[in-house]
Amino acid sequence: MRYAFLTLAALLSLSLAPAWGKYARPDLEKVPVERLIANLSKQVEANPKDAVARLNLARVHGMAYAVKSDSLDALKSAKEQAAWFGYNPNHVPFHAQPTQDEAKLKAAKVHLDAAIKRFEETIALDPKNLTARLGLAWCLEQAGKKPEAIKAYREVIEAGWASEKDLKTAGLG
């Protein structure tokens, strides 16, 4: 009887213990930005109403602008190579890196303009997509369009508050 009680107590204590886990290290590779854009553009063309594909395309352009590189991380195992935004990606998963290289600045400007266009398309398809709206605001800020960026940020805050003010719990991140 004592053995059964101890076993039950051990099992109960284990079930109440917090679950700890680690993410498995992703198998990433550097993939040319143009290939990622081509893959995502095919997805957008195949399904023009797919707001998620447009959002991912906008994010790739935004990342290409920010890192000012001709390659980004992508999962090796993905059927169609797609950029790696992380396990729990931030809504704006990039930080603008400075450079003095004129060629990189010129290419970055093209990506920034494309990101703005794609974020606007995503919002037209899914006006409640806060990630797209925040991405657009960030890109407008990066483009030096301060009044437009401020307006966009305020709209994101208002929409986010309206949809999330009554939440009792939050997800990861």
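Which residue lies over the face of Y65? That would be K68, at 4.3 Å from the ring centre. Bear in mind that this is a predicted model.

Let's stay with that tyrosine for a moment. Y65 also takes part in an aromatic pair with W138, and the geometry is edge-to-face. The ring centres lie 6.0 Å apart, with 70° between the planes; the planes count as edge-to-face because the angle is over 60 degrees. The count for the model is 1 aromatic pair. This pair ties together distant parts of the chain: Y65 belongs to helix α3 (residues 51–67) and W138 to helix α5 (residues 130–142), 73 residues apart. Both Y65 and W138 are buried.

Another spot to look at is S41, which sits in helix α2 (residues 33–46). Its side chain reaches the backbone oxygen of I37 at 2.7 Å. S41 counts as buried because its relative accessible area is 18%, and the cut-off is under 20%.

Here are the distances mentioned so far, side by side:

| Pair | What is given | Distance |
|---|---|---|
| K68 and Y65 | K68 to the ring centre of Y65 | 4.3 Å |
| Y65 and W138 | ring centre to ring centre | 6.0 Å |
| S41 and I37 | S41 side chain to I37 backbone oxygen | 2.7 Å |

Now for the whole chain. It has 6 helices and 2 strands, running α-β-α-α-β-α-α-α from the N terminus. Of its 173 residues, 33% count as buried. Among contacts between residues at least 6 apart in sequence, 70% join residues at least 24 apart. The accessible surface comes to about 11900 Å², and 58% of that belongs to carbon and sulfur atoms.

Definitions and conventions:
Residues numbered from 1 in each chain as written. Predicted model: local features only at pLDDT ≥ 70, side-chain atom pairs only at ≥ 80, totals over all residues. Heavy atoms only, no water. Phe/Tyr/Trp six-rings, centres within 6.5 Å; stacked < 30°, edge-to-face > 60°. Helix = DSSP H or I, 4+ residues; strand = E, 2+ residues; numbered from the N terminus. Buried < 20%, exposed > 50% of the residue type's maximum accessible area, 1.4 Å probe, protein only. Lys NZ or Arg CZ within 6 Å of the ring centre and 35° of its normal. Polar contact = N/O pair within 3.5 Å; in protein donor to acceptor, adjacent residues only side chain to side chain. Contact = heavy atoms within 4.5 Å. Areas by Shrake-Rupley, 256 points an atom, 1.4 Å probe, with all protein chains shown as cover.
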